[in-house]
Amino acid sequence: MNDTGFIHPYIPNSVPAVRQEMLREIGLTDVEEILAEIPANLRVPGLLSLPEPLLSEYDLRRHVQSLLDRNVSSAECLNFLGGGCWSHFVPALCDEITARGEFLTAYSGSNYSDLGKHQARFEYNSLMAELLDYDVVVEPGYDWGTAAGFALRMAARLTGRREVLVPENMGAERRSIIAELCEPEYVAGHIAITEVACDRANGRLDLADLASKSSAATAAVYFENPGYLGQLEPGAAEICRLARDAGAVSIAGVDPISLGVVAPPGSYRADIAVGDLQPLGIHMAAGTGLSGFMAFRDEEPYLAECPFAIYTILETTVAGEHTFGELLSGRTSYGVRDQAPDWVGTQTGLWAICAGVYLASLGPQGMREVGETIVRRAHYAARRLAELPGVSLPLGDGFFKEFPVCFDDTGKSVAEVNEALLARGIFGGRNLSVGYPQLGQSALYCVTEVHTRGDIDRLVDTLAEVLS
Amino acid sequence: MSAIGTEQGGVHNEAVARRMQEKLEDNARLRREGGLLRDYQAARWDEPIAMELGRPGERGVIPPQATDVAAEVPEAAELLPRELRRSAPPALPEISQPQLVRHFTRLSEMCLGVDVTVDIGEGTCTMKYSPKVNELLARSPKMSELHPDQPEETLQGILEICYRMSRILCEISGLDEFSFQPPGGSAAVYGFAAIARAYHHERGDDVRDEVVTTIFSHPCDGACPATAGYKVVTVMPDENGYADLEALKAVLSERTAAIMITNPEDTGIFNPRIREYTDAAHAAGALCFCDQANLNGILGLTRAREAGFDACQFNLHKTFGSPHGCKGPATGALGVSSKLAPYLPAPHLVALADERAPGGLRYHLDYDCPQAIGKLRAFLGNLAVVLRAYAWTMSLGARGLREVAEVAVINNNYLEAQLREIRGIGYPYAPGVRRLDQVRYSFGELKEDTGFGTTDMRTGFCDFGVQTWFMSHHPWIVPEPFTPEPCETYSKEDIDYWAAAMKTTSDDAYESPQHFAAAPHNQSCHRIRTWERLDDPREWAVTWRAYRRKHGAARATDEE
């Protein structure tokens, strides 16, 4: 096929004359002279069987958009789903900067050729460090769950121990990710996961149970603040102290958008902090916006056991001029393959830049305001919902933006309620009745700064109608 | 045998060599003097760190306020547990919006994405053009505002796109099912290792605790199975650069869970006897995984199934046109044969007949997957990446994919013909064998001649306005390596430019060592002085607060 006659806008050298000219210049007449390196018995005969291409950009856009149009988005419905991905306000500047082709289409260029990317990343580190109260913030990983899983593996290496403690009410997905990363019990490297009981009345970790379970075998104590069910953890400092007394690493999972008003994990001395960046100006995009951050103290063993890339600010030959470089780069899987602490790869670099833009835009006052708005709107919603006949809040107050709502005494199941809400243009909270039978027919509602009082009143009024 | 890296493999042709020498001489002059090279100067803004910008009280953006519920609920502090109230505000900068836009726009200007320049150097990663129309589609609120846990009936569009894309990838690979959950190529490689673990365990076979890979397979093919608990055995190349088949056979045993390899390997050499490797592994009871992060040179030409593989992965952000985004978000589409399909992480996407649905199919997420491995990340994966990959593939079709591979192969051989005429560059392994989409070259000879290696060359090279190269080629079996991959995105002139820049960089290393050693000259900043900081815990500073603590506030404007 030395003259396919198939000229494509993405392929400059698909012009037959150019193909031929290039082949001729290197002493060939046909690309098959190169492709002959692939044995005939492994060659695809003819062309693959694929849908006809849409060569016109207009046709392509129309086709794909027509498929997308079958979605009903959270911009069209009123969304109260959270549980690991949340509706938040996205500043225009976040969209503007993440759409810049210079960032969007860059990869692993050097300290010199990609200086701006390196600086944006350092700024992300620096801004998150202030928010979280740590001196080290590393390249973010895939999402909260994988960041937590890698942090647990770090803890096992740091302590030489192979048992970790986690809250019994952590989300099933995050738990599944962690369990896989801790390896099954039939594998030599298995890290045992022991559940710590949680108070049925408020969802908080049972500190007595934690004290009885933490021991000289404990590598890490992982807890969440807020937890999957939305509850904040006033015992955070005590949990970290219990872990420290046992010689274990404390790992706190936190929501960064809460930290303008909620105490940062560094302040209660969690050794490692993880969580998701998505609330910081990143669109949900069906989960594409997730990004798992990690921060810890500036102690060499922590950096050495961290799988992700870590960058430091550097000086150049010109006084006062900065650039940036990857520290201890020889330790990662790019450097030493299977001898590395786990693996580093293409993770969520663009979202680090985005979160940096967000934090620089909001500043200390904006972060306080957005935290206050979320807490107040969420509590307003919870109080209004609890006024509905048969509706209750099984974990009470003390949450940040999410809280379970129980429909047991309404005579309706969550599935029925959510179906009726959907018919009225509302995505009800995530059904908890499968993973959390102790909560009965409950749903996890998420209320943030994007939900106005009018939105919340509409939810309450609609529920009143649905439940009557 | 000469040292690896200085020997000349591949196919040599005297007439071609002379022609290429002339071409390089012609091109390696400035454009205004009749050559190709630009008088390039990168943007250099001397831009302060964001932490140094603004003044107290300035606002960048104002978020929604809770005034509408203020009468009904107490102040936020009263709603939070006393122990958890933040005592001091985070020390974030306070910057007005115009200055913020300017700051981040300037940073972006000091970054060489594919949209800006020729990025051939980051081979093995396939830096290709990411079509703009795909970005517009990904930014549609019908995509960007989807919550992944929405009721299935409200996600039918994106689920259909995922279903269609998985059918396309099945045809491209010859495999039977795909999962888009892995959020990167390495995550997919890890996902396969977890599947191998579950598969053997379910068959009552817990003896298999080893994975075999090859040294020229991607680094994650060793690292990810190690995280999954496997002991990793690495097969070294034979004298032709292929993974040594006899060495592979010697390490296969009843303990081998899987072989996890790349073909063509990072050398760009396609292993024509690949079927013997997979047959040998299968005979030992092992599974076979092909790391196809980079499929560009064989797209539509040869498939994982016919080579005997049980599974493979495609990086949709490499071969399938989704942008790299300064390293993510990404997708490693994980494909498996039907016997491994039950092990893919939940949920499994299925199409159900439904006469009321458009096209007669309704798309359903099946969470009842008892044999599935644990989740590889939350929800369904980076579906906006799948969307872009689908649009890219639908723009090309079968003929287009074939054209991508053929042009990638032609481009690579065209670049090779020029690079082998440049002083100091070695072309190791396999005389008489042509490379497909990329070549692992060596600056070993240049290092011996001049003392400058691949890192120095990388720095001098970017003074010509081209992106530097990717450095993850450890261990340096090929000394001072680099691996350009001139994929279908690049025009003949782009490749000529890249080669001319390389020739000039090499000439500088040989003839103007002082000038060369001081590079970069035309970049966004000057040469690094404090290299020791990369390994010294007292010196490194990962954040601005650590920098001020360790190095004082040399440039800080605010001394509070």
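Buried area is the accessible area that two parts lose on being put together, summed over both. By this definition, chain B and chain A of the predicted model bury about 18,800 Å² between them. Carbon and sulfur atoms give 63% of that area.

The contact between the two chains involves 215 residues of chain B and 200 residues of chain A. On the side of chain B, B:Lys142, B:Lys327 and B:Arg545 supply 5% of the area buried against chain A, more than any other three residues. Between chain B and chain A, 22 salt bridges are counted. A salt bridge links A:Glu180 to B:Arg197, with the closest N and O atoms 2.8 Å apart. Polar contacts across the interface of chain B and chain A amount to 117 residue pairs, both partners being at pLDDT 80 or more. Helix H11 of chain B, residues 383-419, provides the largest share of the side that touches chain A, namely 25 residues. Sorted by class, this side of chain B comprises 114 nonpolar, 52 polar and 49 charged residues.

Within chain A, three domains are assigned: domain 1 spans 12-55, domain 2 combines 78-86 with 363-467, and domain 3 covers 93-358. The centres of domain 2 and domain 3 of chain A, taken over C-alpha atoms, lie 28 Å from each other. Contact between these domains is made by 29 residues of domain 2 of chain A and 32 residues of domain 3 of chain A. The area buried between domain 2 and domain 3 of chain A is about 2,300 Å², with 64% of it on carbon and sulfur atoms. In domain 2 of chain A, the residues that lose the most area to domain 3 are A:Trp86, A:Met367 and A:Leu395, which together account for 28% of what that side buries.

One salt bridge is found across the interface of domain 2 and domain 3 of chain A. A:Lys401 and A:Asp255 form a salt bridge in which the closest N and O atoms are 2.7 Å apart. Seven residue pairs, both members at pLDDT 80 or more, are in polar contact across the interface of domain 2 and domain 3 of chain A. Two or more residues of the domain 2 side that touches domain 3 come from each of helix H13 (349-386) and strand E11 (402-406) of chain A. Of the elements on that side, H13(A) gives the most, with seven residues. By class, the side of domain 2 of chain A that touches domain 3 consists of 16 nonpolar, seven polar and six charged residues.

Terms used. Residues numbered from 1 in each chain as written. Chains lettered and ligands numbered in written order. Predicted model: local features only at pLDDT ≥ 70, side-chain atom pairs only at ≥ 80, totals over all residues. Heavy atoms only, no water. Domains from an automatic or database assignment. Contact = heavy atoms within 4.5 Å. Buried area = accessible area lost by both parts, 1.4 Å probe. Salt bridge = Lys/Arg side-chain N within 4 Å of Asp/Glu carboxyl O. Polar contact = N/O pair within 3.5 Å; in protein donor to acceptor, adjacent residues only side chain to side chain. Helix = DSSP H or I, 4+ residues; strand = E, 2+ residues; numbered from the N terminus. Nonpolar A, V, L, I, M, F, W, Y, C, P; charged D, E, K, R; others polar.
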